[in-house]
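Here are my notes on the model you sent over. Have a look at it first, then read on.

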Amino acid sequence: MTRPGGVWQNWSRTERVRPQRVEYPPTVAAVRRSVAAAAARGLGVKAVGAGHSFTGIAVAPGVLLELSDLRGLVSVDRERARVRLLAGTRLHQIPALLAPYGLAMENLGDIDRQSIAGAISTGTHGTGARFGGIATQVVAATLVTADGDLLTVDEDENADLLPAVALGLGALGILVDVTLQCVPAFVLQAVERPEPLEEVLAGLDARTAEADHFEFYWFPHTDVALTKTNTRLPVDVPTAPLRPLTRWVDDLLVGNALHQAVCSVGRGVPASIPSINRLSARVWGDRSFSDASHRVFATARGVRFREMEYAVPVERLADAFRDLQRVIDENDWRIEFPVEVRVAAADDLWLSTAHGRASGYLAVHRYWRADPTAYFAAVEGVMRTHGGRPHWGKMHTQDAQSLRASYPRFDDFVALRDRLDPQRRFANAYLDRVLGG
Ligand SMILES: Cc1cc2nc3c(=O)[nH]c(=O)nc-3n(C[C@H](O)[C@H](O)[C@H](O)COP(=O)(O)OP(=O)(O)OC[C@H]3O[C@@H](n4cnc5c(N)ncnc54)[C@H](O)[C@@H]3O)c2cc1C
């Protein structure tokens, strides 16, 4: 978000920069002019989405392109259920664009504030053993490359580049449009409830295999898992949505405002956190409802936090979780935010955290005013012993040397970057760290 005075900062307040220029290109031609002008001035140039990455991946010290005017639907292929969207379109705008065609996005993450280009560029994902992250829905894209040219990547042109461009970390060019493979609109039946943590861990493989979308949250210092099981149903089944007041009370009042108060108290009196977490686990999540898919997938996140998330091979998920629990116990930390556990199918995108392996995801959070350093460092250590790959948009300390060993196509991606952006027009400090300079 660029604020008056020209300072950009991300949602979690972990990154800020005063770019040399901020531009709002309203058309593809204007994006090309911006990139060409930046090149002529010898400046770097980067597009930002909604600034919801916790890492410095979107930091643009040179020319920052806000694509807030580059939104909406370009075209629809009804026969193949594909839609071409301008890159700055926010996820929460997409359902209304798809509704007239009876289509929906196949899967989503926890929130819908991100831009489509930003979401795919960092590998944003939801949960579901049979479903990949959002970038796996990408069947074509158009980029403005470093020299200001347009590069089309689809099944007819440059098809071999799609697995790189669909999840490109913002390193290959400026995405101006993205084509998604959609599915017929569907309803989700949601069941959210507290369950004994040990039972959930013991049945984790079966739960994740049986459910369309299974995940759980665990509040440290409790023995309760808050499970969420979503089942896909045809669009024409009668639904039982949350009443607006119930949603407001559950999501905003209990989920956000109460949690905000809890985090503030916990910060002043860390010893109170275990009892507060036990209380939170009791008042959070015991409900069942059904609604249009996007209204069930996405929730509101009103309490600001910082996050690290690692993907491990799914068969190591329960062990990695237990090691994470042990680290919290051994260090006697008081952690006020839940751990989130999800799964995703294997895919073939070169830099996807689920590349070549079905994956389990473990995400740890801390209130934004609490120092996450020691906790995140210890969790990162655990995840690395389980072959973990860090989410590109969430906090981690890995660099190109360590990441290369985790991704079989890492060098192919770097070679493509060398070809498309030899002058490193789209680079920043984060990309230099994780991809090499
Ligand atoms: C509250 C919250 C909840 C979240 N929930 C989830 C979740 O459930 N699952 C999950 O996986 N992640 C989640 N995230 C992380 C988030 O989805 C990613 O960090 C995502 O990249 C943010 O999208 P954005 O539009 O804000 O992109 P930004 O953070 O603004 O940018 C991300 C990257 O995309 C690049 N980019 C943006 N636009 C373009 C473009 N047009 N062309 C080329 N590159 C571009 C940027 O340069 C940067 O490299 C969450 C984050 C927050 C703050």
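The points below go through the ligand's surroundings and then the two domains.

1. A quick reminder before anything else: this is a predicted model. Please read every distance and area below as a value computed from that prediction.

2. Let's start with the ligand. How many residues surround the ligand? The count is 37, and the closest are Ala47, Gly49, His52, Ser53 and Thr122. If you're clicking through the site, those five make a handy starting set.

3. What sort of residues make up that shell? Sorted by class, there are 16 nonpolar and 16 polar residues, plus 5 charged ones.

4. Three polar contacts to ligand oxygen atoms are worth pulling up on screen. His391 uses a polar side-chain atom, which sits 2.8 Å from a ligand oxygen. Gly118 works through its backbone instead: an N or O atom there is 2.8 Å from an oxygen of the ligand. Ile57 also has a backbone N or O atom facing a ligand oxygen, at 3.3 Å. As for cover, the ligand on its own would expose 970 Å², and the protein buries 99% of that.

5. Which secondary-structure elements supply the shell? Strand 4 (45–48), helix 3 (116–121) and strand 11 (174–181) each put in at least two residues. Helix 3 gives the most, with 4 residues. Gly118, from the point above, falls within the 116–121 stretch of that helix.

6. Now zoom out. The domain assignment splits the chain into domain 1 (73–184) and domain 2 (186–390). Their contact takes 28 residues from domain 1 and 30 residues from domain 2. Both domains also reach the ligand: the shell draws at least three residues from each.

7. Last, the interface between the domains. Domain 1 and domain 2 bury about 2400 Å² between them, and 57% of that is on carbon and sulfur atoms. Which residues of domain 1 lose the most area to domain 2? They are Asp110, His125 and Thr127, which together account for 27% of what the domain 1 side buries.

Conventions:
Residues numbered from 1 in each chain as written. Predicted model: local features only at pLDDT ≥ 70, side-chain atom pairs only at ≥ 80, totals over all residues. Heavy atoms only, no water. Near = heavy atom within 4 Å. Polar contact = N/O pair within 3.5 Å; in protein donor to acceptor, adjacent residues only side chain to side chain. Areas by Shrake-Rupley, 256 points an atom, 1.4 Å probe, with all protein chains shown as cover. Nonpolar A, V, L, I, M, F, W, Y, C, P; charged D, E, K, R; others polar. Domains from an automatic or database assignment. Contact = heavy atoms within 4.5 Å. Buried area = accessible area lost by both parts, 1.4 Å probe.
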